[in-house]
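Biologist: I am new to this structure and would love a close look at one part of it. Could you take me through the salt bridges, and then show me what lies around them?

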Amino acid sequence: MEVIRKFVDANSLMSILALPEAFRNRKLEIIVLPAGEDAPARRDGDVADIVRSLVGAVPRTDLTLSDLRDERLRKYEAAD
């Protein structure tokens, strides 16, 4: 995705956009992004929050890790 970033004088934008009066005589940063495209993924939260969001994503079973691996390999081999 292409992004344009510019710093401009607020006074030059006042005639184009309705800006708060507090912006007058200040430098502003303008960022232009295409509309309708997905925004980049945000990395909010810490590791604990991410782990909590994954709880329950994988069903608990009584299989060992090795058994799960073998089961998945058989499943995906059959898909070829």
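Modeller: Gladly! A salt bridge here is a side-chain nitrogen of Lys or Arg within 4 Å of a carboxyl oxygen of Asp or Glu. Please keep in mind that this is a predicted model. By that rule, the count comes to three salt bridges.

Let us start with the pair E29 and R5, whose side chains meet in a salt bridge at 2.4 Å, N to O. E29 sits in strand β2 (residues 27-32) and R5 in strand β1, so this pair ties together parts that are 24 residues apart in sequence. How open are the two partners? R5 counts as exposed, because its relative accessibility is 54%. E29 is partly exposed, with a relative accessible area of 40%.

The next pair is R24 and E21, and their side chains also meet in a salt bridge, with 2.4 Å from N to O. E21 is exposed at 53% relative accessibility, while R24 reaches 39% and counts as partly exposed.

That leaves R69 and D70, where the salt bridge spans 3.9 Å, N to O. This distance still qualifies, because the cut-off is 4 Å. R69 is exposed, with a relative accessible area of 55%; D70, at 31%, is partly exposed.

Now for the setting of these pairs. The protein has three helices and two strands, and from the N terminus on they follow the order β-α-β-α-α. Strand β1 covers residues 4-9, and helix α1 covers residues 10-13. In the loop between α1 and β2 you will find N25, a residue with a backbone detail worth a pause. Most residues other than glycine have a negative phi. The phi of N25, however, is positive, near 60 degrees, and N25 is not a glycine. N25 is also exposed, with a relative accessible area of 60%.

From charged side chains, let us turn to nonpolar ones at the surface. M1, V3, I31 and L33 make a nonpolar surface patch of about 400 Å². M1 belongs to the segment before β1. Patch members need over 30% relative accessible area, and M1 is exposed at 54%, so M1 passes that cut-off.

For a contrast, look at L13, which has its place in helix α1. L13 is buried, because its relative accessible area is 14% and buried means under 20%. Which residues does L13 touch? Leaving aside neighbours within four places in sequence, L13 is in contact with V8, L19, L28 and I30. You can also compare its position with that of F23: the two are ten residues apart in sequence, and their C-alpha atoms are 9.9 Å apart in space.

Finally, step back to the whole chain. Of the 80 residues in the protein, 6% are buried, and L13 is one of the buried residues. The accessible surface comes to about 7,700 Å², and carbon and sulfur atoms hold 56% of that area. Among contacts with a separation of 6 or more, 41% link residues 24 or more positions apart. With that in view, you can return to E29 and R5, a salt-bridged pair whose partners come from parts 24 residues apart in sequence.

Conventions:
Residues numbered from 1 in each chain as written. Predicted model: local features only at pLDDT ≥ 70, side-chain atom pairs only at ≥ 80, totals over all residues. Heavy atoms only, no water. Patch = residues over 30% accessible without salt bridge, like charges linked within 9 Å, V, L, I, M, F, W, Y side chains within 5 Å. Areas by Shrake-Rupley, 256 points an atom, 1.4 Å probe, with all protein chains shown as cover. Helix = DSSP H or I, 4+ residues; strand = E, 2+ residues; numbered from the N terminus. Buried < 20%, exposed > 50% of the residue type's maximum accessible area, 1.4 Å probe, protein only. Contact = heavy atoms within 4.5 Å.
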